[in-house]
Amino acid sequence: MRPTFGYNIMMFTVITLLLGCNTETAIKDQQPDPVLVEYPVVYIERNLTAVDQTPAQFQSLNPAYFNPGAQLLIKRNAFADSPATNLTAALFAEDQLIDIRDLSVSDDGQQLLMAIRAPEIDGVDDDEQPKWNIWRYTVASQTLERIITSDITAEQGNDLMPAFLPDGRIIFASTRQRLSRAILLDEGKPQYTALDESRTNETFNIHIMDPDGSAIKQLTFNLSHDFYPLVLQSGKILYSRWDRMGGGHGINLYRMNPDGTENELVFGWHSHQLPLDGQTESIDFIKPQQLASGEILMLLASQDDTRIQKRPVLINIDDYIDAQQATANSGA
């Protein structure tokens, strides 16, 4: 039996998250509904052509690409006509455009993580532009704050794709390569930010840090990207890794412990050519999410920018290591 590649009605173009337990009964036109209970809804609203009518780009191999024109909104409930509050309106000047991505909610629903990129600075080189930083919104206090308070530390690398670990620490993908730089320093070599194997973009690896932004530690070491970490119900970390082997390359799924040990390939090495819509597509596996049922919901990202983009599918990683290859002990 082949693994289930099922379509899912979840929308990935507009990211929505439900926040909060013990929140108020839903209110529409200021009147409480005595039966229906709703929760606040937080989402990213984006102008896809905010700058010179240039379309926004979401590149799998360049996750730090800056698409200005996003804002973070919250509604008290899910009614279409419920008023929305802009949580990021006061962060920068009104005419300065920012970018927001990677919303993630805590298990208790009381905190929200996201990555925010500050506006472009006119007249400076690319390496002097603002970095992506991780921010936290707290429901009880209605406050939005940057996790790493020090400007110097925050600007040491691009930080994206945050998620809460069960112990409250934060796991994320970053180009700061903290331990890699320390090893170079110990060896008497110059510290530098490594580029991916195509020599195009700075390499992302998985890091963790304490809730206050301290004790940053690098967990993975890949010549190209390790990114999109997901905290599984088992407590392990599932993430996407860009593997390059000679002229071939592909983004596969890996799994490890929260301390970086027992790192192993899980799915996808021989599954990058898949028949979709009557033709073979070259695809990668990015942004895993786990459903309440335990199933893994993935985005299939095309390696061809002109073809299919980010199709949601379900993947059976318990019984299969590739699209048509069962694991030895699964019996599938």
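Reader: How many bridges join strand 9 to strand 10, and which way do the two strands run?

Author: This is a predicted model, so read every value as computed. Four bridges join strand 9, residues 132–138, to strand 10. The two strands run antiparallel. For one position, look at Arg136, which stands opposite Glu145 in strand 10.

Reader: In what order do the strands of this open sheet lie?

Author: The order is 7-8-9-10, four strands with antiparallel pairing. Strand 7 (99–105) and strand 10 (143–146) are the edge strands. Each of them pairs on one side only. From one strand to the next, the twist averages 25°.

Reader: Now the rings. How is a pair of aromatic rings described?

Author: By two values: the distance of the centres and the angle of the planes. This structure holds three aromatic pairs. Take Phe267 and Phe285. Their ring centres are 5.5 Å apart and their planes stand at 85°. Planes over 60 degrees apart count as edge-to-face, so this pair is edge-to-face.

Reader: Where in the chain do Phe267 and Phe285 lie?

Author: Phe267 lies in strand 18 (residues 264–267), and Phe285 in strand 20 (residues 279–290). The pair therefore ties together parts that are 18 residues apart in sequence.

Reader: Is Phe267 buried or exposed?

Author: Phe267 is buried, with a relative accessible area of 0%. Phe285 is buried too, also with 0%.

Reader: And charges? When can side chains of opposite charge pair?

Author: They can pair when their charged atoms come close. Ten salt bridges are found in this structure. One of them joins Asp226 and Arg241, at 2.7 Å from N to O. Asp226 is in strand 15 (residues 226–231) and Arg241 in strand 16 (residues 237–245). The two residues are 15 residues apart, and the pair links distant parts of the chain. Both Asp226 and Arg241 are buried.

Reader: Which ring does the charged end of Arg241 sit over?

Author: The ring of Tyr254, 4.9 Å from its centre. Arg117 offers another case: its charged end sits over the ring of Phe66, 4.1 Å from the ring centre. Arg117 also forms a salt bridge with Glu120, with the closest N and O atoms 3.5 Å apart. Arg117 counts as buried at 6% relative accessibility. Glu120, at 40%, counts as partly exposed.

Reader: Which residue meets Lys236 in a salt bridge?

Author: Glu262, at 3.6 Å from N to O. Lys236 lies in the loop between strand 15 and strand 16, and Glu262 in the loop between strand 17 (248–256) and strand 18. So the pair ties together parts that are 26 residues apart in sequence. Lys236 is partly exposed at 23%, whereas Glu262 is exposed at 57%.

Conventions. Residues are numbered from 1 along each chain as its sequence is written. This is a predicted model: local features need pLDDT of at least 70, side-chain atom pairs count only at pLDDT 80 or more; totals for chains, interfaces and linings use all residues. Side-chain values use heavy atoms; hydrogens and water are left out. Two strands pair if DSSP finds at least two bridges between them. Axes are lines fitted to C-alpha atoms, for helices over the stretch in contact, and angles run from 0 to 180 degrees between N-to-C directions. Rings of Phe, Tyr and Trp (its six-membered ring) pair if their centres lie within 6.5 Å; planes under 30 degrees apart count as stacked, over 60 as edge-to-face and the rest as tilted. Buried means under 20% relative accessible area, exposed over 50%, partly exposed in between (1.4 Å probe, protein chains only). A charge sits over a ring if NZ of Lys or CZ of Arg is within 6 Å of the ring centre and within 35 degrees of the ring normal. A salt bridge is a side-chain nitrogen of Lys or Arg within 4 Å of a carboxyl oxygen of Asp or Glu.
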